[in-house]
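Me: Hi! I'm new to this one and would like a friendly walk through it. Could you show me the structure before we start?

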Amino acid sequence: MTARYQFLFYKDLLAPNTETEPLPAANRIIYVASGTLSVGDEKFETGEATFQSGAVNFGPSTENVELWRWDLVEIAPSGATPASEEHPTKPVLTAPVEKLDIEPGSEWFLRCETVNFPAETTVDMHAHHGAGIRCLERGEINFTHLNGMKNTVTPGDAWYEEAFHYLHALTMKTGPSRFVRVMLVPPEYNGTSTFKYHDQDDAGKPRRQTTEKLVDVTLAL
């Protein structure tokens, strides 16, 4: 019997010199959108990310800190609320993983990357063989989905892409765009990209977007 998981995406604003409630244990990616974050004895600067699986305590900071976090939690068959949802902060976006078969005890990767696009970049119809939530840091991206639906994301917008969901992307003319992506990735993509074109004739085209991997950790689910 396969297990069911969901992503919970949060944005937390930490005021200077204040104590925060600890986060309960969960498979979690934390990305520092601005400021400097202390987690235990480690410090993380703007643009850095960390994986944490145990309870998390944030140290006080002398500046405002904005962090984005992705919790990957199992959906309880009884409908019980996961411990990670009991924290006062409510998720910005909740997304169940529907198209990946997750066998209990199987190994997966939880991957955090930034994706950067020069101005007016086109990415032809493509999908990823992994599922996850993205959040745009800067710029603007216009999407056209395989079913014809269109939508636009602007800074601060978060969205979920299911595995094998095909879409076309076009970034704005006036400047670069960048988003942060956290995906659950099948084990066969260890060290490799999950990117797949819909039309394999596009595979030889140069790709203008660049990806920087921040975290790639193995999970036993």
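Reply: Happy to. One term to start with: a residue is buried under 20% relative accessible area, exposed over 50%, and partly exposed in between. Keep in mind that this is a predicted model.

Me: OK, let's try that out. Is Glu 140 buried, exposed or partly exposed?

Reply: Glu 140 has a relative accessible area of 27%, so it counts as partly exposed.

Me: And where is Glu 140 found?

Reply: Glu 140 sits in the loop between β11 (131–138) and β12.

Me: How far apart are Glu 140 and Tyr 10 in space?

Reply: From C-alpha to C-alpha they are 21 Å apart, and in sequence 130 residues separate them.

Me: While we're at Tyr 10, what lies over its face?

Reply: That is Arg 69, at 3.8 Å from the ring centre. Phe 195 has an arginine over its face too: Arg 207, at 3.9 Å from the ring centre.

Me: Rings, good topic. How many aromatic pairs are there?

Reply: Searching the whole structure gives seven aromatic pairs. One of them is Phe 9 with Trp 68, an edge-to-face pair with 6.3 Å centre to centre and 75° between the planes.

Me: Which strands do those two come from?

Reply: Phe 9 belongs to strand β1 (residues 5–14) and Trp 68 to strand β7 (residues 65–74). The pair links distant parts of the chain, 59 residues apart.

Me: Are Phe 9 and Trp 68 buried or exposed?

Reply: Both Phe 9 and Trp 68 are buried. Trp 68 also forms a tilted pair with Tyr 31, at 5.8 Å centre to centre and 40° between the planes.

Me: What does that second pair tie together?

Reply: Tyr 31 is in strand β2 (residues 27–34) and Trp 68 in strand β7, so the pair ties together parts 37 residues apart in sequence. Tyr 31 is buried as well. One aromatic cluster is made up of Phe 9, Tyr 31, Trp 68 and Trp 70.

Me: Switching to sheets. What is the strand order in the five-stranded one?

Reply: The open sheet runs β13-β12-β15-β10-β17, with antiparallel pairing.

Me: Which strands stand at the edges?

Reply: Those are β13 (150–153) and β17 (195–197). Each has a single partner strand, so one side of each is left without a neighbour in the sheet.

Me: How much are neighbouring strands turned against each other?

Reply: By 35° on average, direction ignored.

Me: And how many bridges join β12 to β15?

Reply: Five bridges join strand β12 (residues 141–145) to strand β15 (residues 167–171), and the two run antiparallel. For instance, His 145 has Leu 167 in β15 as its bridge partner.

Me: Last topic, empty space. How many cavities of 30 Å³ or more turn up?

Reply: The search of the whole structure finds one, and the largest cavity holds about 50 Å³ of space. Its lining includes Leu 14, Thr 36, Phe 58 and Val 65.

Me: What about the largest pocket, what volume does it have?

Reply: About 250 Å³. The pocket is lined by 24 residues, and Val 115, His 128, Arg 181, Phe 195 and Thr 211 lie nearest its centre.

Me: Which strand supplies the largest share of that lining?

Reply: That would be β9, with four residues. Among the strands that each supply at least two residues are also β10 (122–128), β16 (177–185) and β18 (210–220).

Notes
Residues numbered from 1 in each chain as written. Predicted model: local features only at pLDDT ≥ 70, side-chain atom pairs only at ≥ 80, totals over all residues. Heavy atoms only, no water. Phe/Tyr/Trp six-rings, centres within 6.5 Å; stacked < 30°, edge-to-face > 60°. Buried < 20%, exposed > 50% of the residue type's maximum accessible area, 1.4 Å probe, protein only. Lys NZ or Arg CZ within 6 Å of the ring centre and 35° of its normal. Pairing = 2+ DSSP bridges. Axes fitted to C-alpha atoms, helices over the stretch in contact; angles between N-to-C directions. 1 Å grid on protein atoms, 1.4 Å probe; cavity = no way out; pocket = protein on both sides within 12 Å on 5 of 7 lines; lining within 4 Å. Points joined across faces, edges and corners; volume = space filled by probe spheres on them.
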